[in-house]
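Student: I have a structure open and a list of labels to check. Can we go through them one at a time, with the reasoning?

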Amino acid sequence: MSKQYSDKTQSELIDIVKDHIDGEKEEEQALPTKLYILPLVERPFFPPQTLPLLLDTDPWMETIDAVMQDDSKTAGLVLSRAESSDTATPKDIYHIGTTIRLHQPVQSDDQVQIIAEGIRRFKIKKWLSKKPPFLVEVEYPEEHESKHPEQDKAYTMAIINTLKELIPLNPLYSEELKFFLKRFIPNDPSHLADFAASLTSGSPEELQTILSMLDVNKRLKKVVLLLKKEVELVKLQARISQEVEEKMNESQRQFFLHEQLKAIQKELGIAKDDRTMETDKFEEKINQLELPEHATARVEEELDKLNVLELGSPEYTITRNYLDLLTTLPWNHYSKDKLGLKHARSVLNKEYEGLDDIKDRIIEFIAVGALRGKIGGSILLFVGPPGVGKTSIGRSIAKAVGRAFYRFSVGGMRDEAEIKGHRRTYVGAMPGKIIQCLKEVGYANPIIMIDEIDKIGSSYQGDPASALLEVLDPEQNRDFLDHYLDVRFDLSKILFICTANQIDTIPQALLDRMEVLHLAGYINAEKYRIAQKHLWPRCLKKSGLTKTQLRLTDTALKDVVENYAREAGVRSLEKYLGRIARKAAVKIVSGKAEKISVKQRDIHEYLGLPPFSDEETMEGVGIVTGLAWTALGGAILSIEVIKHEAKTREFKATGQLGDVMKESAALAFSYVLSTLEQYNINPYVFHNSLIHMHIPEGATPKDGPSAGITMATALISLAKEQQIDRPLAMTGEMTLTGKVLAVGGIREKIIAAKRADVLELILPDDNRKDYEELPKYIKEGLKIHFVKHYMDVYKIVFGK
């Protein structure tokens with residue numbers, strides 16, 4: 001049920017109820033003791049009110065019919081706490097309400113309109129029907145006789161004066177007052193208080209409190225306060241409306257004055273229309289550009305079109321935006337390169353710790369540019385695990401050579417229009433990322449970094465990776481054609497830097513156009529220096545702390561590096577250092593300390609228990625340590641093999657292995673079975689046995705061929721019942737005849753071995769060149785064996 005005003009005016013309502021006013025006193029004395037109840041949800045109904053109500057026929061039509069059949073035609077209106085009157089229950093309904101007389105019920109569709117004439121308060125004594133139609137037994141409480149008539153008179157005058165102030169602010173109040181004065185005298189404090197309360201926009205609870213007050217003095221006092229708040233609210237609304245109206249009037253006035261000024265200036269010949277101003281602006285921009293011939297022809301063609309189009313037409317806006325892009329692009333505008341090797345190396349060394357091979361390649365690139373007098377376009381691909389600095393090193397390169405830098409990510413990109421733009425025939429068409437970049441940086445030779453190129457997608461909207469082929473091909477990008485621009489633009493002077501975590505998902509045609517540089521990750525010593533020189537000062541700055549306020553000891557920093565942040569990059573390391581700084585900031589701000597020195601024994605308090613335990617290798621018969629590569633860097637991998645009796649010879653490999661790794665395990669088993677006598681092992685050692693090979697951390701997926709020699713060694717260790725007597729790790733793919741093939745990720749694997757204090761390694765002979773290219777500090781302290789055949793592995797592990 002919802003309450004609202006109908007189309008009837010207050011004067012019509014007066015005509016409807018005027019026949020019932022004269023005998024009101026006598027009728028009040030004869031009011032029934034049983035009433036049908038109609039719940040309200042918006043606000044309570046007061047005795048002086050006469051208003052139209054709109055009710056839902058379901059479920060209230062039955063109640064209305066029952067009321068209209070009674071001679072008194074009376075019912076009760078009571079406020080309900082329920083969100084809707086249709087769902088109201090006796091528990092939701094207040095005990096004090098208003099007796100009303102119903103007039104002229106009119107049904108229309110699913111609703112019925114009635115006119116409710118308020119009579120007096122009632123109080124529910126007993127529920128006779130707790131379901132619609134609600135029927136209750138009521139009593140009519142008498143109002144308390146006032147003990148302070150002078151106060152009542154003062155409150156009454158205050159209400160009258162406030163009403164005089166309120167009525168001019170809202171014309172509806174005037175109609176309400178006229179109708180009230182037809183029924184009551186203004187000096188009646190009880191009815192005056194009820195009438196004044198009904199005019200306010202107080203909350204349902206506030207108004208119900210007033211309705212429940214039988215003490216007229218308290219009711220008057222409450223109403224005065226509520227009425228004062230209503231006056232302030234109405235004044236505020238009036239002021240806001242006036243301000244809005246004044247602003248609108250001022251805007252209209254300015255508009256008309258501007259139009260008049262334009263007309264006068266046009267008549268005097270001292271002003272230009274909008275079209276002429278736009279054309280002059282574009283011609284001025286064109287004169288400042290060095291446009292190629294094909295671009296000049298297109299601009300002139302579009303300017304001619306602009307001059308004949310209507311100002312308000314959509315085509316005019318499209319053409320103007322297109323011309324704006326054409327005249328904003330940096331045609332033949334290049335920034336001057338800084339070709340000093342000393343400056344470049346200084347910038348790179350300042351920004352980064354380690355990554356010497358990457359720095360050397362960048363210096364080589366700049367040196368070639370110095371000999372040529374300019375740096376040509378090139379495409380570099382940085383591949384490495386997260387957090388090793390692939391993205392940020394691009395900014396350092398831009399800083400070193402003095403070029404503008406722009407970065408965007410293609411991770412998850414599925415629409416080729418993101419690269420090559422939309423055709424201008426489409427609504428909301430835009431140029432591609434490359435053209436947007438050139439417009440933003442203002443130079444035709446920036447450094448553009450394309451992040452997450454290994455995560456680019458494809459869909460029915462096209463293949464962005466294929467669209468990048470034209471962008472990244474030095475033979476094609478000098479005539480790059482964006483669908484929106486539709487004019488060829490030279491991208492050959494741009495240095496493109498792409499980043500990826502792995503190259504397996506990059507299309508081969510795209511990969512062939514890039515020079516791949518691997519960022520393998522950092523060893524602990526490098527992480528320690530990076531944290532000291534870069535991460536810790538940055539965390540202090542972010543936390544608003546100084547070196548004197550917070551100090552992190554060297555042993556504490558080493559503990560964080562070794563036991564909390566073992567990933568290949570330094571992203572987690574920075575998070576842990578930031579947590580230390582924030583917790584220290586809390587102590588300093590709360591006054592618990594002025595200066596804090598975090599020692600190794602305090603790390604657990606700031607960071608909790610370390611997530612990593614010491615990375616130790618497993619030992620025992622049939623257990624061999626291998627080396628693995630993951631997208632997060634290198635890791636050591638223990639392989640264990642056991643056997644037990646079975647009816648036939650069986651082999652099983654577990655540990656969530658991929659298809660390639662399962663094949664490697666089967667291959668290693670077949671090789672060992674075929675060469676047992678060659679290695680002086682009983683050829684029947686695995687007869688009637690189940691050989692079970694397992695690679696721990698079974699929840700982690702594993703795949704790849706590089707564990708071939710490790711699996712074969714574990715099987716031979718089990719067959720000989722001889723364990724490896726020293727820390728030793730190995731990696732290498734093996735063929736069915738025992739030949740050892742090269743594997744990838746040598747740097748990452750060696751770093752993982754050093755982290756686990758395994759300093760003796762067996763590597764494929766074909767990976768010798770990869771090892772020789774490693775920095776000296778990584779190779780320091782290692783004992784490396786290079787092998788061509790598994791027989792070489794056997795001799796190294798078990799001796800001759």
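Student: What makes glutamate 83 count as exposed?

Tutor: Its relative accessibility is 82%. Exposed means over 50%, so glutamate 83 qualifies. Keep in mind that this is a predicted model.

Student: Where does glutamate 83 lie?

Tutor: In the loop between β3 (74–79) and β4 (96–108). Its C-alpha atom is 9.8 Å from that of leucine 40, and the two residues are 43 apart along the chain.

Student: Why is methionine 68 called partly exposed?

Tutor: Its relative accessible area is 23%. Buried means under 20% and exposed means over 50%. The value falls in between, so methionine 68 is partly exposed. The residue belongs to helix α3 (residues 57–69).

Student: Which residues does methionine 68 contact, leaving aside its neighbours within four places in sequence?

Tutor: Lys73, Leu102 and Pro105. As for cysteine 437, its C-alpha atom is 77 Å from that of methionine 68, with the two positions 369 residues apart along the chain.

Student: What is the peptide bond between aspartate 58 and proline 59?

Tutor: A cis bond, with omega about 20°. Proline 59 lies in helix α3. Another cis bond joins proline 132 and proline 133, with omega about 0°. Proline 133 sits in the loop between β5 (111–129) and β6 (134–139).

Student: How do you know that aspartate 486 is partly exposed?

Tutor: Its relative accessibility is 36%. That lies between the 20% and 50% limits, so partly exposed is the right class. Aspartate 486 is in the loop between β10 (480–481) and β11 (488–489). Its phi is near 60°, a positive value in a residue other than glycine.

Student: What about asparagine 688: what is its phi?

Tutor: Phi is positive, about 50°, although asparagine 688 is not a glycine. The residue is found in the loop between α23 (659–674) and β19 (689–694). At 33% relative accessible area, asparagine 688 is partly exposed.

Student: Now the open sheet. What is its strand order?

Tutor: The 5 strands run β8-β9-β12-β7-β13, and the pairing is parallel.

Student: Why do β8 and β13 stand at the edges?

Tutor: β8 (405–409) and β13 (515–518) each have a single partner strand, so one side of each is left without a neighbour in the sheet. Neighbouring strands of this sheet are turned by 20° against each other on average, direction ignored.

Student: What makes β8 and β9 count as a pair?

Tutor: Pairing needs at least two bridges. β8 and β9 have 5, in the parallel sense. Serine 409 stands opposite aspartate 451 in β9. The pair β9 (residues 447–451) and β12 (residues 495–500) passes too, with 4 bridges. There, methionine 449 has isoleucine 497 of β12 as its bridge partner.

Student: Which side chains of β8 are buried?

Tutor: Tyr406 and Phe408, which point to one face. Phe405, Arg407 and Ser409 point to the other and are not buried.

Student: Which helices lie across strands of the sheet?

Tutor: Among them is α13 (residues 356–372), which lies across β7 (378–383), β12 and β13, at about 145° to β13. Helix α16 (residues 433–441) lies across β8, β9 and β12, at about 150° to β8.

Student: Why is β23 called largely enclosed?

Tutor: 5 of the 5 residues of β23 (residues 760–764) are buried, so the strand is largely enclosed by the rest of the structure. Glu760, Ile762 and Pro764 point one way, and Leu761 and Leu763 the other way.

Student: How do you know that β20 pairs with β23?

Tutor: β20 (residues 729–730) is joined to β23 by 2 bridges, in parallel. The cut-off is at least two, so the pair counts. Methionine 730 stands opposite isoleucine 762. On β24 (residues 783–787), 5 bridges join to β23, also parallel. Leucine 763 has phenylalanine 786 of β24 as its bridge partner.

Student: Last one: which residues are closest to the centre of the second largest pocket?

Tutor: That pocket has a volume of about 570 Å³. Closest to its centre, of the 25 lining residues, are Tyr352, Gly387, Val388, Gly389 and Ser392. Helix α14 gives the most to the lining, with 5 residues. By class, the lining has 8 nonpolar, 8 polar and 9 charged residues.

Definitions and conventions: Residues numbered from 1 in each chain as written. Predicted model: local features only at pLDDT ≥ 70, side-chain atom pairs only at ≥ 80, totals over all residues. Heavy atoms only, no water. Axes fitted to C-alpha atoms, helices over the stretch in contact; angles between N-to-C directions. Contact = heavy atoms within 4.5 Å. 1 Å grid on protein atoms, 1.4 Å probe; cavity = no way out; pocket = protein on both sides within 12 Å on 5 of 7 lines; lining within 4 Å. Points joined across faces, edges and corners; volume = space filled by probe spheres on them. Nonpolar A, V, L, I, M, F, W, Y, C, P; charged D, E, K, R; others polar. Buried < 20%, exposed > 50% of the residue type's maximum accessible area, 1.4 Å probe, protein only.
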